[in-house]
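Morning, everyone. Please have the sequence and the 3D view open before we start. I will take this one topic by topic.

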Amino acid sequence: MTRPEYVPSDAEDITDHGAIRNPEDADDGKPSVNRDAIIDAANAAGRGGSIYVPGGTFYYGRNNANSWIRIGSDTPAGISLYGDGPEGSMLGITEHTPSGRVATMFRYSKDEYTSTAITVNIRGLCLDGNSPNLADDVTGLGIRVRSGNSGMTLNIENVKVYQITQSGVWKQDGSLNIDSCTFEHIAIKYENDQWDGSNTSIDHCIKPSPYASDSDSATITNSVFKTCSGSVVDPENGADGQITIKNCYCEGLGTGLAKLVGNPLTVTNTYAKMQSATLDGLLASYPDRDRPYDGRVAIYLFDVDPSSVTLKDCKFVDMTEQAMYTHDGRTWTISGDNVVFDNVGFRRGLQGSALRESGISNFKWDMDRLSVHNVDSSLAVIDTPNGGGTIQELTWSGGKRLGTMGSTTINSETQGGAPFEPNVPSQDEVGINISPKDNDDQPTTDSPLFDDWTPQWESDYEDWGVASSSAFAGDTALSFEHFGDTRDRRALSCNDVGEPTDVEILDKFRVPEFTNDSGLGFHARAHVRSSGSNGSENGYWLEVEKPSESFRLGKYTDGDGKTIARFGTPKEDTFYLRRFRAEGSELKAKVWPAVEEEPLNWDIETTDADHTQGWIGLGSYDTGLVETDMFSVATSGETAPRLNSGSSTEVTWKTPADGASVSGTVTVQIDVSNITEADSSLDVSYRIASGSWLSANYNPDTGYYEDSLDTARFSEGNYKLEARVSDSGNSIADAVIDIAVEKTVSIETVDARNISNSSATVIGELTNLSGVPSAICGFEWRKLGTESWNITEEQTLSSVGEFSEEISGLDSEIEYEFRAVAYEPEIVDAQTDTFYAQSSSEDEAQPVIEQFDLQNKSDPVWNRFDVDWAVSHAGGDLDTVVTKLRYDGSTVDAESTSITGDTASYTHLMRVRGPIDEVVLSVNDSENRITTESKSI
């Protein structure tokens, strides 16, 4: 196969060194073989050489150790990576990476290019961190370049960085150039895993660290950034080199587009939508959390004054809290033109204004046109009492007032009107380079019917229309019929949904007449995870197959069709309901006559990992008429609701609430509104976890349909709770919520501390004690890989909080695992954790806390502490410092800082509403040796 022209002729092909394509990612030894092949190819390429990944999917890693590849340690330094393109060549981390291990895809070792100049290229690849399928405590980044590489320029072009547990790219010094890339699903798992009941941690698409003294810069162009718990860029403190973002499309950024810590920033021709439904759906729901990372702000200034901020032709939309703010005591100069902030503070008006100075900070303006629109009514538009400079033209709307501008001069101010229209790209104009269809294959129409739908493959708009009949719930239905004799792969995709990973569709359809000719009769397809173009189609589909008198589940892979399963016996001119679900590697399907109740079980449950995301929609292979009366979709594990356009009856859940935690016996309350007939004629029922339907009876005292649900028979975990109502016309309305079933006692394994060559202190936490006065708890521990557990003495705990036990008699240089256990009133095993008993020499390399000072700056509303710390490590391998504010044994606030080298110092600015009684500081190295100190308040 011919390599792309940009691949060096001497690049080592990983398949020449034994790499095996393994898109199924089975635990069959292939991931380890692929990791070894990549390392062997890099060794053959030599220092500064290149490796080539041909077309195909290559999952790599180990099932008994860290899955990372360390360039400069496992291989020679300075290796470049090339592929055939992000849709052709994919490297992925194996999901079989063991719990507690590291799954960074490529880590470039430190101190390799401190003075020698080198350019490292990564081009034409998809890098899949596979985070949704990894164990909860597996960590890892996409690309990490450690410190001491100021001479290395890293160029990343036409690369998809996808499903990374933590940061997509972290470059600790040196220049970074990113062009025509797509970053998606970044640090979602990390935020969800780090949630401790009151706080969590986030990470970012790119963590650049350019230093002006080295003439370093970070430039990001023509790229897409979607669904990240943090920001597009989050530089390290002290990184004062230029950062540029140009011609980019962003959507679903937890903290915002950029944080500044001293570096000049230029953003031009960029669209950034902070909040998104996809981000909301992927991040775990925390009922007690008042400030989730759901698109808080566009740009904010943190610790160090930047030299300048330049914004030109930028559109920032859907900020849940505010548009821009400066940290206390900071100053920034903001220049540019044609900048829009639209829909600000729509979820939490916490900070007082859309554009805000904190304390004695200072906005200095040099702006031509600025538009701030649709500001939440609880906010002022601008609150910059120390501000200055000039805004030539300001338009604004919403908010309770314009606000305080200080000495800022506004030459023209307009309240109301429309926002300006900056020159920004759409999503399909930037990102990875996907070959478009030929122009001849792009049908156009002015019909509003197809504003939200796009014909795919061999279909065009003429294949689709609207059928009218009283047989349809709303008197109309979507119709497919191709007027011609040529059968082909025709489909219509739903634009509003995008290209989801986990998705479920529910549709109601009929085929008035099957095609009965021999070998014909393939009708009424539902598509999920579909992509590609004519002749190279990909995706899963579910159809009516007349020749086999069955429904058929099948797939396309690069244009090749394959049957996965068959079931049932379809009939023509009969309305069917069809539920088709893709979640992870699982595919599920069921089809039943529309006049019947939905069956409890799926007709088909199988696994297939060839396709992970893509568009969803409808289609058909034969040319005959297909009518779709209802189409419903849900993503991110939700259940597609059953829609009923012919009835105004609505059903909602009163109790429990969506996202509620329940235990024991709970009262179920269902509200039925817009009732068109007597209550006695309604059939109201509910079910949990797709179980049997249970009846709810009308209570005239409350006005709700009620029943008692005993949750004790369900294991602890998250469940779907469905409600439905049927009237005499067989129409159905339904509602689905998520609940969490909790047990009386909940316990967690925290960590191991004070680890030596013969002993360690293990820490657990009793996190829930409901309805009983106490719980008997302890620990179990053993050498990793052995079967029998050692058991510590039991402890009787009467309140929630941490508890500990010292275990001794350990063998040095051995890895141990342990877990916290509750024995009474019920047996509960927490998750396991591991630690490494040190050798005598390693005892001397324990991280050291050199400074731990508190400055109490509390006021009547907030408990505030400045925590000044300094740490050191004789082995020069520091990793993370964490500060926690605790009360009554539980963490109420936390902040962490990633560090390297042998010394580090910083100040954590902590604040929380409510009481605290302890401040805890801990430092760990890269081998997870931990030192902890605490101070009582």
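**A buried strand and three cavities**

Ten bridges, to start: 10 of them join S66 to strand S69, residues 903-912, and the two run antiparallel. Keep in mind that this is a predicted model.

Stay on that pair for a moment. Which residue in S69 does Trp869 stand opposite? The answer is Tyr906.

Now the other neighbour. Strand S65 covers residues 848-856 and is joined to S66 by eight bridges. That pairing is antiparallel too. What links S65 to S66 along the chain? A hairpin does, through six residues. For one position to click on, take Gln851: its bridge partner in S66 is Ala870.

So how enclosed is S66, which spans residues 863-872? Eight of its 10 residues are buried, so S66 is largely enclosed by the rest of the structure. Buried here means under 20% relative accessible area.

Next topic: empty space. Rolling a probe the size of a water molecule over the atoms shows where such space is left. How many cavities of 30 Å³ or more does the structure hold? Three.

Start with the largest. Its volume is about 130 Å³. The lining has 14 residues, and the closest to the cavity centre are Arg579, Glu598, Arg642, Trp693 and Asp734. By class, the lining divides into seven nonpolar, one polar and six charged residues.

Which strands contribute there? Strand S54, residues 717-726, and strand S55, residues 732-741, each supply at least two lining residues. S55 gives the most, with four.

On to the second largest cavity. The volume here is about 60 Å³. Its lining includes the aromatic residues Trp464, Phe480 and Phe509. Asp507, Arg525 and Arg578 line this cavity as well. So do Ala524, Leu618, Gly619, Val626 and Thr628. In class terms, that lining has six nonpolar, two polar and three charged residues.

Where do those residues sit in the fold? Four strands each supply at least two of them. They are S37 at 503-510, S38 at 522-531, S45 at 615-620 and S46 at 626-635.

To recap, then. S66 has eight buried residues out of 10, with S65 joined to S66 by eight bridges and S69 by 10. The largest cavity is about 130 Å³, and the second largest is about 60 Å³. That is my part; over to the group.

Definitions and conventions: Residues numbered from 1 in each chain as written. Predicted model: local features only at pLDDT ≥ 70, side-chain atom pairs only at ≥ 80, totals over all residues. Heavy atoms only, no water. 1 Å grid on protein atoms, 1.4 Å probe; cavity = no way out; pocket = protein on both sides within 12 Å on 5 of 7 lines; lining within 4 Å. Points joined across faces, edges and corners; volume = space filled by probe spheres on them. Nonpolar A, V, L, I, M, F, W, Y, C, P; charged D, E, K, R; others polar. Buried < 20%, exposed > 50% of the residue type's maximum accessible area, 1.4 Å probe, protein only. Pairing = 2+ DSSP bridges.
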